[in-house]
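Here is a short note for a colleague opening this entry. Please keep the structure in view while reading.

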Amino acid sequence: MGLYDGSLRTACIRAKSTTQFPLAAALANLVWMQQRDELDSEQIDVIVPVPRHWSKHVVSPHHAAETISRVLAKRLGKPHGRGLLRKIKWTPDQSDLTAANRKLNLKDAFAVRPRAGSLAGKTVLLVDDILTTGTTANECSRALLHAGAAKVVVAVVAVVPPNSR
């Protein structure tokens, strides 16, 4: 939707808070309004949020990427693939790492659930709140493609400017 700067940055940070489900949903609706034609043209079959490790749900049940993906699934009239992709390895928070360490941190951290159904030939919309270096999106996409997806399209609310990474 825009650069991770100013008021959009503030909104993304606040949307991560446990009490800010409505803000995350509002950001998803803004993404929909801005990117509706592009999302429709991709012929998406299923919408999948970037997952967190199960232990993070214990501390904070609200997950912005999940809320955003649920809203987009409803808007697109497509299945929400919550739980289809999972984070199988606990890792330190990416925001505390350098770009080089982010790749190592997330290597083999994501997998598609074996009983999740066939992704063969499907187009998956992978949803997250913020894209920094693209490492998380790349690793999630790799897992989805390995499981048979034909194509992975990534949607985020904000992108960190290259000079800020």
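The points below cover the nonpolar cores and then the largest pocket.

1. Status. This is a predicted model. Please read each point with that in mind.

2. The main core. The largest nonpolar core holds 28 residues. Within this core, Leu72 and Leu125 have the most contacts.

3. Who builds this core. Three helices appear on the list of elements that each give at least two residues: H1 (6-15), H2 (21-41) and H4 (64-76). Strands S5 (123-131) and S6 (151-159) also supply at least two each. H2 makes the largest contribution, with seven residues.

4. The second core. Another core, of 18 residues, lies apart from the largest one. Its members include Leu106, Leu119, Val124 and Ala143.

5. A closer look at Leu125. Which residues does Leu125 touch, leaving out those up to four places away in sequence? They are Leu39, Ile44, Val46, Ile47, Val48, Leu72, Leu76, Val153, Val154 and Ala155. Leu72, on this list, is the other residue named for the most contacts inside the core.

6. The largest pocket. Its space comes to about 890 Å³. The lining counts 37 residues. Nearest the centre of the pocket are Lys16, Asp93, Gln94, Asp128 and Asp129.

7. Where the lining comes from. H4, S5 and S6 each supply at least two lining residues, as do helix H5 (99-106) and helix H6 (135-146). S5 gives the most, six residues. S5 also supplies at least two residues of the largest core.

8. Character of the lining. By class, 17 of the lining residues are nonpolar, twelve are polar and eight are charged.

Key: Residues numbered from 1 in each chain as written. Predicted model: local features only at pLDDT ≥ 70, side-chain atom pairs only at ≥ 80, totals over all residues. Heavy atoms only, no water. Core = buried A, V, L, I, M, F, W, Y, C linked by side-chain atoms within 4.5 Å. Buried < 20%, exposed > 50% of the residue type's maximum accessible area, 1.4 Å probe, protein only. Helix = DSSP H or I, 4+ residues; strand = E, 2+ residues; numbered from the N terminus. Contact = heavy atoms within 4.5 Å. 1 Å grid on protein atoms, 1.4 Å probe; cavity = no way out; pocket = protein on both sides within 12 Å on 5 of 7 lines; lining within 4 Å. Points joined across faces, edges and corners; volume = space filled by probe spheres on them. Nonpolar A, V, L, I, M, F, W, Y, C, P; charged D, E, K, R; others polar.
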